[in-house]
Amino acid sequence: MTHPTHPVNADSPIGIFDSGVGGLSVLRHVHAQLPHEHLIYFADSGRAPYGDREEEWVIQRSLAVTAFLLGQGVKALVVACNTATVAAIKAIRTQWPGVPIVGVEPGLKPGAAATKSGKVGVLATDRTLHSEKLLTLRDQIAAATQTEFLLQPCIGLVDQIELGQLGSAGTMALLEQYVVPLLDAGADTLVLGCTHYPFVEQAMRDVVAKHTTQPIALIDTGDAVARQLARLLEGAGMLRPAGVPHLRGYTTASAAVLAEAFRALLSLTPQVEAVDVA
């Protein structure tokens, strides 16, 4: 199967998926840059988090979710999950070569461009940080720019964000545990290498401010994803020119929980439906 069963056109929606609510940080940028586009968001919250799963499991899961979204008639796909991007985007592109697909990169290149100390902290899931794709990219950029990348797995942080605990004592304790050693090691730039993490950006800034007066850059790659998506759609003549956009949400967990995440994180109130995607 190389394309959805029914034809797509410029009026067809864009599909965005993540293991949970983190991809809403990417949807925020897509919605801002492409305000006329219909969007479908898929939160695989019933299977989250992906970050501590085996790579083959993430690949099969990502293919199943992609098939579901293509079944909804999407014209393009955003893999708004760092773990799924590093594990599965190659397999998705191989199976559906005709579909414009954008993944999220962990922000190593903009991190290297931003640093003045030459040390960049990379906050991400364990699965992302151990992926061959990220390690290869790290080695290439480190060799080209002499940047030292300090890789920091953030165990448990996605779970806190999924629960809506953006500034709770537990979340602040995790951020202290993960951010402070990077600052102590001389990092002046922190890459948010998981799409969930922009939702705790303010809490992270609060932790940083407690420990240093130095300016620390935080890198969120959602904006670059939206720009790349716009380029692909424009190149294919598939941009929706105008009109009122529709936004729909699907989740493999509680529809009420995803609806609340849309409201609390983005001030949006789309129709949300719980589905079972095997």
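Glutamate 37 and lysine 75 are both buried, where buried means under 20% relative accessible area, exposed means over 50%, and partly exposed lies in between (1.4 Å probe, protein chains only). The model is a predicted one, in which local features need pLDDT of at least 70 and side-chain atom pairs count only at pLDDT 80 or more, while totals for chains, interfaces and linings use all residues. Residues are numbered from 1 along each chain as its sequence is written, and side-chain values use heavy atoms, with hydrogens and water left out.

The side chains of glutamate 37 and lysine 75 form a salt bridge, with 2.7 Å from N to O; the term stands for a side-chain nitrogen of Lys or Arg within 4 Å of a carboxyl oxygen of Asp or Glu. This pair links distant parts of the chain, 38 residues apart, with glutamate 37 in the loop between α1 (24–33) and β2 and lysine 75 in the loop between α2 and β3 (76–79). Helices (H or I, at least four residues) and strands (E, at least two) are DSSP runs, numbered from the N terminus. In total, the structure holds nine salt bridges. Side chains of opposite charge can pair when their charged atoms come close.

Another of these pairs joins arginine 61 to aspartate 44, with the closest N and O atoms 2.7 Å apart. Arginine 61 belongs to helix α2 and aspartate 44 to the loop between β2 and α2, so this salt bridge ties together parts that are 17 residues apart in sequence. Both partners are buried. Helix α2 itself spans residues 55–71, and arginine 61 counts as buried because its relative accessibility is 6%. Leaving aside residues up to four places away in sequence, arginine 61 touches Asp44, Arg47, Tyr50, Thr252, Val277 and Ala278, a contact being heavy atoms within 4.5 Å.

A third pair to look at sits within one helix. Arginine 263 and glutamate 260 meet through their side chains in a salt bridge of 2.7 Å, N to O. The two residues are about one helical turn from each other because they are three residues apart in helix α11. Arginine 263 is partly exposed, at 44% relative accessible area, and glutamate 260 is likewise partly exposed, at 38%.

Turning to the backbone, the peptide bond from alanine 48 to proline 49 is cis, with omega near -5°. Proline 49 is found in the loop between β2 (39–43) and α2. Positive phi values also occur outside glycine: glutamine 146 has phi near 60° and serine 267 about 55°. Glutamine 146 lies in the loop between α6 and β6 (148–153) and is exposed, at 61% relative accessibility. Serine 267 is placed in the loop between α11 (255–266) and β10 (271–274), and is exposed as well, with a relative accessible area of 64%.

On the surface, Glu54, Glu55, Glu56 and Glu132 gather in a patch of negative charge. Patches are made of residues with over 30% relative accessible area and no salt bridge, like charges being joined within 9 Å and nonpolar side chains (Val, Leu, Ile, Met, Phe, Trp, Tyr) within 5 Å. Within this patch, glutamate 132 belongs to helix α6 (residues 132–145) and counts as exposed, at 67% relative accessibility.

Terms used
Areas by Shrake-Rupley, 256 points an atom, 1.4 Å probe, with all protein chains shown as cover. Lys, Arg positive; Asp, Glu negative; His and termini not counted. Charge placed at Lys NZ, Arg CZ, Asp CG, Glu CD.
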